[in-house]
Amino acid sequence: MTETAPSKAEKGPSSVRDPHHAAGQQRPGQQTAQRFSGRGSQSSRGAGAGTSTVKNARNSTAPTAPGHLAPLDTDASAAPDPLTIGRQLRHLRKASGKTLSEVADEAGISASALSLIENGKREAKLSLLATLAGALDVGLSDLLTVAAPSRRAALEIELEKAQRTTAFRDLDIPAVRPGPRLQTEALESLVGLHRAMARIQAERAATPEQARRANADLRDRMRRQGNYFGEIETVAANLLSATKYEGGPITRTVVDRLAAHLGFRLVHTTDLPESTRTVTDLAHRIVYLPQPDAGQHDSRSLALQALGHVVLDHSVPQDYSEFLEQRVEINYFAASLLIPEKGALALLKRAKAAKDIAIEDLRDAYAVSYETAAHRFTNLATRHLDLPVHFMRISSSGVIYKAYENDGVHFPTDATGAIEGQRVCRYWTARVVFDRPDLSSAYQQYTDTKSGTYWCTAVVDRTSAGLFSVSVGVPYADVKWMRGRETGERSKSRCPDPGCCSQPPAELAGRWEGSAWPSARVHSHLLAAMPPGVFPGVDQTDVLTFLERHSKS
Ligand SMILES: [Zn+2]
């Protein structure tokens with residue numbers, strides 16, 4: 001990857017924006033509170049929402065041959081929107097030869113109210129629609145049909161909808177009224193342009209740069225809320241009390257009980273599609289999981305994450321940022337069940353009072369990995385213990401895989417503000433830990449950086465993909481609460497000053513000038529565009545054939 005100087009401008013508050021702001025779509029983040037509130041244990045939406053989960057691949061962005069606009073998508077399962085109903089109403093009224101005021105009179109409403117309904121600007125109640133259908137001598141189902149009454153009407157509806165999106169309104173281009181005076185030819189052309197624009201936007205959203213920006217935006221948001229999701233904590237706590245959990249580690253049995261409580265069955269299988277971690281059959285309410293011993297992932301966590309999509313009422317992600325956001329939410333959901341807030345807080349508050357906070361204690365009390373415990377600690381530390389923290393998972397070559405901070409530590413960033421794939425200073429605890437003779441125990445160190453002195457604790461995690469370090473740190477002022485603060489280890493980092501560690505020492509560089517020619521190990525995934533599909537990289541055919549096979553067995 002090319003080295004890009006971090007741009008200070010990227011850090012300004014103006015670059016902090018909701019990842020969905022420009023997308024012209026629903027903003028799931030904002031609805032979190034409503035979406036989580038009042039959710040019963042049996043998610044009634046689960047099955048319904050799910051049937052569309054896999055089959056609704058983004059066909060709306062499929063290219064169309066120029067000059068031949070395909071007819072509108074008329075998904076028979078979709079409910080007609082007010083605009084389609086309005087157009088249908090107008091079409092039927094004109095066909096009946098009646099005027100606006102005649103029909104309005106018969107239905108007992110004003111002509112202007114009827115006009116608003118016909119223009120899709122007011123939503124009519126079902127009872128009023130029934131009355132209107134009666135006035136026009138047609139059935140209610142004629143009004144509620146999803147198919148537009150004519151090709152012309154379909155184009156008018158599509159143009160009107162396109163012009164109502166935030167994406168279009170943000171462009172500040174005047175809208176065209178799709179009235180009778182607009183020639184069909186012009187209408188075709190405008191609709192074609194809108195479709196092309198939507199397609200280009202979708203393609204742009206699939207570039208690695210967009211993905212990196214989405215990641216950076218999400219990290220900003222997490223930092224602002226102290227890495228804490230109160231609504232998910234409440235959902236998790238309610239679920240646990242509904243299943244009579246009384247404390248201690250969440251065993252497999254507890255997970256099975258939770259699934260059963262939600263109306264799901266957990267099935268371990270050996271033939272999961274290569275591109276998936278789990279597959280959920282929403283129709284039969286089964287979560288398919290890998291064999292418990294396969295891979296490094298805790299199967300409890302995988303099961304809880306899969307259930308998280310259902311409990312948190314996720315629908316098919318509209319774009320990569322929503323996909324990411326859902327990922328963060330299901331991870332959080334699983335962690336808040338594996339390490340319940342109430343018990344973890346009791347433990348951590350006791351530890352703080354004794355000035356003896358240690359990630360290992362959380363890990364051991366709940367039988368989870370160090371990484372899960374460390375990550376979970378960051379959820380609770382700022383909100384409940386008043387501790388700013390940072391967390392990192394990096395490879396043995398120092399490349400960041402995951403990181404979070406709200407304690408002012410400066411992670412290296414690229415021009416998009418992304419940190420994933422960047423290399424951290426070789427004098428940081430997270431990297432020094434790899435040089436320790438004993439990789440099995442936690443290593444603590446004080447590090448002086450340009451943004452202050454931090455104390456960090458790190459452990460090395462051995463995986464099939466190599467060695468990783470997981471580290472947690474706090475600013476010097478807060479080290480008094482942490483176990484391991486008595487360490488005498490100390491180092492100094494001058495990064496991002498290139499003289500610190502990103503450039504070789506001058507003397508060494510001079511001696512080898514012109515004589516060193518390494519061959520780079522290319523990280524192809526960094527060059528590739530984002531994997532396509534609603535669920536990036538997932539092979540839909542594999543998933544569907546898998547479900548077919550299992551639903552018949
Ligand atoms: Zn450095």
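**Figure 1. Helix 3 has the span expected for its number of residues.** Helix 3 covers residues 82-96, and at 1.5 Å a residue its 15 residues should span 21 Å, which agrees with the 21 Å between its end C-alpha atoms. (Helices are DSSP runs of H or I with at least four residues, strands are runs of E with at least two, both numbered from the N terminus; the expected span is 1.5 Å times one less than the number of residues.) You're looking at a predicted model, where local features need pLDDT of at least 70 and side-chain atom pairs count only at pLDDT 80 or more, while totals for chains, interfaces and linings use all residues. Residues are numbered from 1 along each chain as its sequence is written, and side-chain values use heavy atoms, with hydrogens and water left out.

**Figure 2. Several neighbours cover helix 3.** Which residues of helix 3 are buried? They are L83, T84, I85, G86, R87, Q88, L89, L92 and R93. (Buried means under 20% relative accessible area, exposed means over 50%, and partly exposed is in between, with a 1.4 Å probe and protein chains only.) The cover over these residues includes helix 4 (100-107), helix 5 (111-118), helix 6 (126-135), helix 7 (140-143) and helix 8 (151-164). Just after helix 3 comes G97, with a positive phi of about 80 degrees.

**Figure 3. Helix 14 is mostly covered.** Twelve of the 13 residues in helix 14 are buried. Among them are S299, R300, L304, Q305 and V311. From its first C-alpha to its last, helix 14 reaches 18 Å, close to the 18 Å expected at 1.5 Å a residue. Zoom in on Q305, which sits in this helix and counts as buried because its relative accessibility is 7%. Leaving out residues up to four places away in sequence, Q305 touches R277, I330, N331 and A334. (A contact is heavy atoms within 4.5 Å.) Between the C-alpha atoms of Q305 and V328 there are 9.9 Å, although the two are 23 residues apart along the chain.

**Figure 4. Helix 15 is largely enclosed by the rest of the structure.** Why is helix 15 described as largely enclosed? Because 16 of its 19 residues are buried. Its 19 residues should span 27 Å at 1.5 Å a residue, and the 27 Å between its end C-alpha atoms agrees.

**Figure 5. Two non-glycine residues, K244 and D313, have a positive phi.** Most residues other than glycine have a negative phi, so these two spots are worth a look. K244 has a phi of about 60 degrees and belongs to the loop between helix 12 (230-242) and helix 13 (252-261). D313 also has a phi of about 60 degrees, and you'll find D313 in the loop between helix 14 (299-311) and helix 15 (320-338). Are these residues buried or exposed? K244 counts as exposed because its relative accessibility is 65%, whereas D313 counts as buried because its value is 17%.

**Figure 6. The largest nonpolar core has 64 residues.** The residues with the most contacts inside this core are F264, F333, L348, I357, L362, F377 and L387. (A nonpolar core is a set of buried Ala, Val, Leu, Ile, Met, Phe, Trp, Tyr and Cys residues joined through side-chain atoms within 4.5 Å.) Take F333: not counting residues up to four places away in sequence, F333 touches I232, V235, L239, L304, L307, G308, V311 and L312. Apart from the largest core lies another one, of 21 residues, including I419, V424, V433 and Y454.

**Figure 7. Four cysteines hold the zinc ion.** The zinc ion is coordinated by the SG atoms of C425, C495, C500 and C501, at 2.1 to 2.4 Å. (Donors are N, O and S atoms within 2.8 Å of the metal, or 3.2 Å for Na, K and Ca; water is not among the atoms, so sites may look incomplete.) What geometry does the site have? The site is tetrahedral, with angles of 93 to 119 degrees among the four donor atoms. (Four donors count as tetrahedral if all angles lie between 85 and 135 degrees.) Along the sequence, the donor residues are spaced C-x69-C-x4-C-C. C500 counts as buried because its relative accessibility is 8%.

**Figure 8. A cis peptide bond joins C495 and P496.** Omega at this bond is about 5 degrees. Most peptide bonds are trans. P496 lies in the loop between strand 9 (490-492) and helix 20 (506-512), and C495 is one of the residues coordinating the zinc ion.

Methods: Four donors count as tetrahedral if all angles lie between 85 and 135 degrees; four count as square planar and six as octahedral if opposite donors are over 155 degrees apart and all others between 65 and 115; anything else is irregular.
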